[in-house]
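Student: I would like a close look at a single part of this structure. Please choose one helix and follow it out to the parts around it.

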Amino acid sequence: LALRAAGQGPDLEIGRWLETLPAAMLQPLESWGLLDRHSAGLSKSLATHLADWRVHLTAKGTGPDQVDLVLTRTSTILEVANAHAIVDLVPSRIQNAIAEKAAPQPKAKSKTKKLGLNAQTQNHYIQAIKQFTRWLVRDGRLIADPLLSLPKKRKKRVGEDLRHERRALEADEVARLLQAAESGPFVCGLSGSERVMLYKLALQTGLRLGEIASLKVADFALNGNRLTVTVRAGESKNGEEATLPLRDDLAQELREWFSDKLPTAQAIKTPWKSRGGKMVYADLEAAEISPRDSADRVADFHSLRHTFVSNLAKAGIHPKVAQDLARHSDINLTLSRYSHTVMESRAAAVEKLPDLAALISAQELAEGAATGTDGEQAEIEVGEDFGERGAGVEQIGALRPAANDESPNDEHEPGLDQQ
């Protein structure tokens, strides 16, 4: 009362005490005019604060998809934590809720369990709810951030905590996928030609499905010397605007594709995000391509992005340039795709080494024949066989990346080798 009479707000100690009071006790104090704007905010439910936060994010230009994603993650954790008021924002309580959300869950009508959240996804939830509490402080609704001490999960090494590892498509698989889509029926609401255009854009730009869905015709620059597509700020994964170059042949196809569309129209039709994988599976099945390879790596829509980066590696593009084109925040993400490509090339080169068992057999035959009239001829045959098989050894040096070298083992579908 003395602070209020002096026109001052509560100090830090009183503010922290007020934050522990239930809303039922704060509301009368607010109605009597004894609480300032900060303290009055304590009586509001978290649902009300979330609604205000949504308005704030939208007003500052955050894309609607990103706003929905952050709000959904935050509200999900608050629901699991049974948190309804600011007093419920306790680090241990939120941490337990995230752990509960991350645990494997039983599938409906199945004896198996649905995989839980990996460390990276858990960190996305932690980041979302901490972003919410930081806004509460900046907006004067809290004196201090109650989740400041909430730790993130240990950052995993690339590929260490994947629930399933994606694979890139080979050049012949890309050709078969496009052919199957072109001649196929409607899948997930898209015609064959619509799916082909969607796949081509993803394969030649590395854009994610959500980013492609956000594109308008006006986001493409298809005339002049600089052919580009721009993902608007708030629509990309990192929230930053990104302008990417386009190949000449793809730009020509897009010009024809947009010929009867307004600048504000959606550029490329896409399925719902959750159905992108189902759409690709359908076309892979039609093309008689297994979604999983021998290493149990899976092919889905995001695999088109992996294919984009792998094709950059096969073309000998410098990793830093590839990182910029793929918009990877960590160079290790880019290098992981390069390492896959290099290992595949190394494996192919090793297969070209001479068959040692065959050499030994040939040598034994030569030694046996040396006591007869064919000894000289047998020795020549062994030498010729070794020289032919040994050619593969000469290719080992080419497996070490050079400035302008391409692996002689790489075979690309026309139009893909420069991706």
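Tutor: What follows takes one helix, then the core it belongs to, then a small sheet and a separate site. The model is predicted, and each statement below should be read with that in mind.

The helix is α10, which covers residues 192-205. It has 14 residues and reaches 20 Å from its first C-alpha to its last. That is close to the 20 Å expected at 1.5 Å a residue. How many of the residues of α10 are buried? The count is 11 of the 14, so the helix is largely enclosed by the rest of the structure. The buried residues include nonpolar ones such as V196, M197, L198 and L201, but R195, Q204 and T205 are also on the list. Just after the helix, G206 takes a positive phi of about 75 degrees.

Next comes the core. The largest nonpolar core has 42 residues, and F220 and F301 have the most contacts inside it. Two or more residues are given to this core by each of α9 (171-183), α10, α11 (209-214), β4 (228-231), α12 (248-257) and α13 (276-286). The largest share, 7 residues, comes from α10. F301 gives a direct view of how α10 meets its surroundings: leaving aside residues up to four places away in sequence, F301 touches L198, Y199 and A202, among others. L198, Y199 and A202 are also among the buried residues of α10. The contacts of F301 further include R208, L209 and I212, as well as G276, G277, M279 and V280. Apart from this core lies another, of 28 residues, among them I94, F132, L142 and L150.

β4, one of the contributors to the largest core, sits in an open sheet of 3 strands with the order β3-β4-β5 and antiparallel pairing. β3 (220-221) and β5 (242-245) stand at the edges with a single partner strand each, so one side of each has no neighbour in the sheet. Between β4 and β5 there are 4 bridges, and V229 stands opposite L244 in β5.

A last site is T76, placed in helix α6 (residues 64-80). T76 has 18% relative accessibility and therefore counts as buried, the cut-off being under 20%. Its side chain reaches the backbone oxygen of T72 at 2.6 Å. Not counting residues up to four places away in sequence, T76 touches K101 and Y125.

Definitions and conventions. Residues numbered from 1 in each chain as written. Predicted model: local features only at pLDDT ≥ 70, side-chain atom pairs only at ≥ 80, totals over all residues. Heavy atoms only, no water. Expected span 1.5 Å × (residues − 1). Buried < 20%, exposed > 50% of the residue type's maximum accessible area, 1.4 Å probe, protein only. Polar contact = N/O pair within 3.5 Å; in protein donor to acceptor, adjacent residues only side chain to side chain. Contact = heavy atoms within 4.5 Å. Core = buried A, V, L, I, M, F, W, Y, C linked by side-chain atoms within 4.5 Å. Pairing = 2+ DSSP bridges.
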